[in-house]
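Hi,

Here is the structure I promised to pass on. Have a look at it first, and then read my notes underneath.

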Amino acid sequence: MSNDKIKLVSILIVILVMGGISGLFLNASQKEESESEKPIVTEKEKRKMYRDLNREERRVIVHKGTEAPFTGEYDNFFEKGVYTCRRCGAELFESDDKFASGCGWPSFDEQIPGAVKWTPDADGMRTEITCTNCGGHLGHVFIGEMLTAKNTRYCVNSISMIFIPAEKRVKTEKAIFASGCFWGTEYYMQKAPGVISTRVGYTGGNVPNPTYQQVCTGTTGHAESVEVTYDPNKTSYEKLAKLFFETHDFTQINRQGPDIGHQYRSAIFYLNDEQKDIAIKLVNILFEKGKKVATEITPAGTFWPAEEYHQQYYDKNSKRPYCHAYRPIFDEKPAPEEKVSETKS
């Protein structure tokens, strides 16, 4: 073979090898992008999800401004009810936790559990508070002022909130379920009659305020979960718990379809003894039908909301669950099997 031909073959080999390596890097890059891809929510879509805000409301809630002290409508205001986020309507503070601080802004010494997120402020001195559900700016939180027994002051802009009088407040209850990827669990729960709202998050573990990346390691103890807020006059916990069982494979341990890991376990996190008793009753019914049940029944701990891009994921992306599907179960003919009293993680 001539030197020219040898050089040509060598060049071709180098091109093929480099092309293969580039292809490997490209595939790895594409996979990484696919696994971490976040749905793009346009401003138009956000406006559909949240209330319209006027210029001053946007200055405070979106652009983190501050209203002048002693000018807000809720500064010297102490009626019974609940304070909600002006942007998304989520409940933030109970009126019983409001106190007269004399600072010129509404002050509370407690939040509704999980409703308000704390973030170190850009000035490096204060701690900003935002609505956990929509990220809207509320104000700042201060510790150590000894103004109340709880030694905490949530200093909130009136314009960031809407007050709902006690007599107009819709009585709601909550439920927490985990059945694999929380996108699919939420997809079915949010469509159920009587459900007011849903949010996905993490619970059952021992790491405070975990990130999605942390939970994905399977070492936090948390499960991908869904918190369901519902109207007990229009539905019941038992109906929602039945839907939970009927939309996933509760026989699988630490997985759901292609999603494998302790964070994808099947679990019911009960909030009171009534929910616990209903969950146990349904599991016993399933055992009597001859079905194996891997679902954990365990007390609920703190529910940590997931990142915004996970919320209502399938609605934002016009897709359907890949490992959840509905099939009726509780009208089947029962077959005797062992009973259960309670399961724990």
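Below is what I found, going from the whole chain down to single residues.

First, a caution: this is a predicted model. The chain has 345 residues, and 44% of them count as buried. Its secondary structure comes to eight helices and 17 strands. If you take the contacts with a separation of 6 or more, 71% of them are between residues 24 or more positions apart.

**The largest pocket**

The largest pocket holds about 1,200 Å³ of space. Its lining is made of 38 residues, and those nearest the centre are Ala90, Glu91, Lys174, Ser197 and Thr229. Which elements give two or more residues to that lining? They are four strands: E1 (81-85), E10 (173-179), E11 (195-203) and E12 (223-230). E11 has the largest share, with five residues. By class, the lining divides into 16 nonpolar, 14 polar and eight charged residues.

**The cavity**

There is also one cavity of 30 Å³ or more, with about 40 Å³ of space in it. Strands E7 and E8 each supply at least two of its lining residues. The lining runs through Phe142, Ile143, Gly144, Glu145, Met146, Leu147 and Thr148, then Asn151, Thr152 and Arg153, with Phe99 as well. Sorted by class, that gives five nonpolar, four polar and two charged residues.

Asn151 is worth a second click, as it turns up again for its backbone. Asparagine 151 has a positive phi of about 55° although it is not a glycine. You will find asparagine 151 in the loop between E7 (137-143) and E8 (152-156). Its relative accessibility is 21%, so asparagine 151 counts as partly exposed, given that buried means under 20%.

Lysine 64 is another residue other than glycine with a positive phi, in this case near 65°. Lysine 64 belongs to the loop between helix H3 (55-61) and E1. With a relative accessible area of 46%, lysine 64 is partly exposed.

**Helix H4**

Is H4 buried or exposed? All of it is buried: eight of the eight residues in H4 (residues 182-189) qualify, so the helix is largely enclosed by the rest of the structure. Those residues are Phe182, Trp183, Gly184, Thr185, Glu186, Tyr187, Tyr188 and Met189. What do they pack against? Their partners are the strands E10, E11 and E12, together with helices H5 (212-216), H6 (237-246) and H8 (313-317). Three of those names will be familiar from the pocket, where E10, E11 and E12 are among the elements that give two or more residues to the lining.

**Aromatic rings**

The structure holds 20 aromatic pairs. In one of them, the rings of tyrosine 74 and tyrosine 83 have centres 5.5 Å apart and planes at 85°, so this pair is edge-to-face. Both partners count as buried: tyrosine 74 at 7% relative accessibility and tyrosine 83 at 0%. Another edge-to-face pair is tyrosine 187 with tyrosine 188, at 5.1 Å centre to centre and 80° between the planes. Tyrosine 187 and tyrosine 188 are both buried too.

Tyr74 and Tyr83 also belong to a cluster linked by ring pairs, together with Phe77, Phe93, Phe108, Trp118, Tyr154 and Phe163.

Some rings have a lysine over them as well. The charged end of lysine 191 sits over the ring of tyrosine 187, 4.7 Å from its centre. The charged end of lysine 98 does likewise with phenylalanine 78, at 4.2 Å from the ring centre.

**Aspartate 97**

Where is aspartate 97? Aspartate 97 is in the loop between strand E2 (91-94) and strand E3 (98-99). Although it carries a charged side chain by class, its relative accessible area is 15%, so aspartate 97 is buried. Leaving aside residues up to four places away in sequence, aspartate 97 touches Ser107, Phe108, Asp109, Glu110 and Lys150. One of those contacts, Phe108, is a member of the ring cluster.

That is what I have for you. Shout if anything is unclear.

Cheers

Notes:
Residues are numbered from 1 along each chain as its sequence is written. This is a predicted model: local features need pLDDT of at least 70, side-chain atom pairs count only at pLDDT 80 or more; totals for chains, interfaces and linings use all residues. Side-chain values use heavy atoms; hydrogens and water are left out. On a 1 Å grid over the protein atoms alone, a cavity is a set of points where a 1.4 Å probe fits but cannot get out, and a pocket is an open set with protein on both sides within 12 Å along at least five of seven lines; lining residues have an atom within 4 Å of a point. Grid points are joined across faces, edges and corners, and a volume is the space filled by probe spheres set on the points. Rings of Phe, Tyr and Trp (its six-membered ring) pair if their centres lie within 6.5 Å; planes under 30 degrees apart count as stacked, over 60 as edge-to-face and the rest as tilted. Buried means under 20% relative accessible area, exposed over 50%, partly exposed in between (1.4 Å probe, protein chains only). A charge sits over a ring if NZ of Lys or CZ of Arg is within 6 Å of the ring centre and within 35 degrees of the ring normal. Contact means heavy atoms within 4.5 Å.
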